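Biologist: I have a new structure on my screen and would like to learn how to read it. Could you take me through some features, one at a time?
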Amino acid sequence: MRPARSRPIRAAGAACLVALVLAGCSTGPSDADRAAWSAWSTSIVGAASDTAASGPITAAAAGGVSLQFSPATVFRAVELRCIGAARAEFALTYVAGSSTVGTQQDIVCQGGALRTPIAIPTAMQNLTSFTVTATSSDGEGVWTAQLQR
């Protein structure tokens with residue numbers, strides 16, 4: 001006959017085993033994923049370094065990446081892309097002379113796939129500065145923004 005206390009010990013052991021298995025089966029991105037995201041954004045920004053920016057997708061807005069233009073340069077659209085998160089909320093700030101306009105754009109990341117360009121407000125197309133940041137509840141991934149003439 002088994003002692004009465006063996007059942008609680010087995011239950012506690014099973015609970016510990018489940019916790020260990022779950023801890024070992026993390027669903028977060030791997031270092032290889034992060035390296036691939038970085039290579040993806042570097043290739044995009046490298047192709048158009050004066051008109052493209054990239055940064056990490058964060059859980060909360062922080063700073064942003066700015067591009068400066070002197071003299072002012074006409075841009076008609078911006079293409080936003082992201083990888084590593086399901087969706088991202090972009091905060092865009094356009095500066096044209098003494099005017100500043102901020103907008104928000106929520107996009108589905110689609111694994112970094114090309115997206116339809118988003119029109120820059122007509123009054124802001126002669127840019128002197130452009131700032132962008134991206135957030136996501138995932139708090140993971142990388143974004144890029146490519147200005148188009």
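Biologist: Let me pick a residue. Where is Ser41 found?
Modeller: Place a residue in its element. This is a predicted model, so keep that in mind throughout. Ser41 is in helix H2, which covers residues 31-47.
Biologist: Is Ser41 buried or exposed?
Modeller: Look at its relative accessible area. A residue counts as buried under 20%. Ser41 has 6%, so Ser41 is buried.
Biologist: Which residues does Ser41 touch, leaving out those up to four places away in sequence?
Modeller: Ser54, Val142 and Thr144. Val142 and Thr144 fall within strand S8, residues 142-148.
Biologist: Now the whole chain. How many helices and strands does it have?
Modeller: Count the elements, then read their order. The chain has 2 helices and 8 strands. From the N terminus the order is α-α-β-β-β-β-β-β-β-β.
Biologist: How do I judge which parts of the chain meet?
Modeller: Take contacts between residues at least 6 apart in sequence. Of these, 76% join residues at least 24 apart.
Biologist: What share of the residues is buried?
Modeller: Of the 149 residues in the chain, 35% are buried. Then turn to the outside. The accessible surface is about 8500 Å², and carbon and sulfur atoms account for 59% of that.
Biologist: Which residues have the most contacts inside the largest nonpolar core?
Modeller: Start with the size of the core, then its hubs. The largest core has 26 residues, and those with the most contacts inside it are Val78, Phe90, Phe130, Trp143 and Leu147.
Biologist: Which strands each supply at least two residues of this core?
Modeller: S2 (65-74), S3 (77-83), S4 (87-96), S7 (126-135) and S8 (142-148). The largest share, 5 residues, comes from S4. Another core lies apart from it, with 5 residues, among them Trp37, Trp40, Ile44 and Ile83.
Biologist: How do I read a sheet? What is the strand order in the open one?
Modeller: Go from strand to strand across it. The open sheet has 4 strands in the order S2-S7-S4-S5, with antiparallel pairing. S2 and S5 are the edge strands, each pairing on one side only. From one strand to the next, the twist averages 20°.
Biologist: Over how many bridges do S4 and S5 pair?
Modeller: Over 10 bridges, in the antiparallel sense. For one facing pair, take Ala96, which stands opposite Ser99 in S5.
Biologist: Which cysteines form a disulfide?
Modeller: Check the sulfur atoms. Those of Cys82 and Cys109 are 2.0 Å apart, and the two residues form a disulfide. The structure holds 1 disulfide. The torsion about its S-S bond is about -105°, so the disulfide is left-handed.
Biologist: Which parts does the pair tie together?
Modeller: Cys82 lies in strand S3 and Cys109 in the loop between S5 and S6, so the pair ties together parts 27 residues apart in sequence. Both Cys82 and Cys109 are buried.
Biologist: What about backbone angles? Which value does phi of Gln110 have?
Modeller: Look for the sign. Phi of Gln110 is near 50°, a positive value in a residue other than glycine. Gln110 is in the loop between strand S5 (99-108) and strand S6 (118-119). Its relative accessible area is 48%, so Gln110 is partly exposed.
Biologist: And the peptide bond from Ser70 to Pro71: cis or trans?
Modeller: Read omega. Here omega is near 5°, and the bond is cis. Pro71 is in strand S2, which is an edge strand of the open sheet.

Definitions and conventions:
Residues numbered from 1 in each chain as written. Predicted model: local features only at pLDDT ≥ 70, side-chain atom pairs only at ≥ 80, totals over all residues. Heavy atoms only, no water. Core = buried A, V, L, I, M, F, W, Y, C linked by side-chain atoms within 4.5 Å. Buried < 20%, exposed > 50% of the residue type's maximum accessible area, 1.4 Å probe, protein only. Contact = heavy atoms within 4.5 Å. Areas by Shrake-Rupley, 256 points an atom, 1.4 Å probe, with all protein chains shown as cover. Disulfide = S-S within 2.5 Å. Pairing = 2+ DSSP bridges. Axes fitted to C-alpha atoms, helices over the stretch in contact; angles between N-to-C directions.
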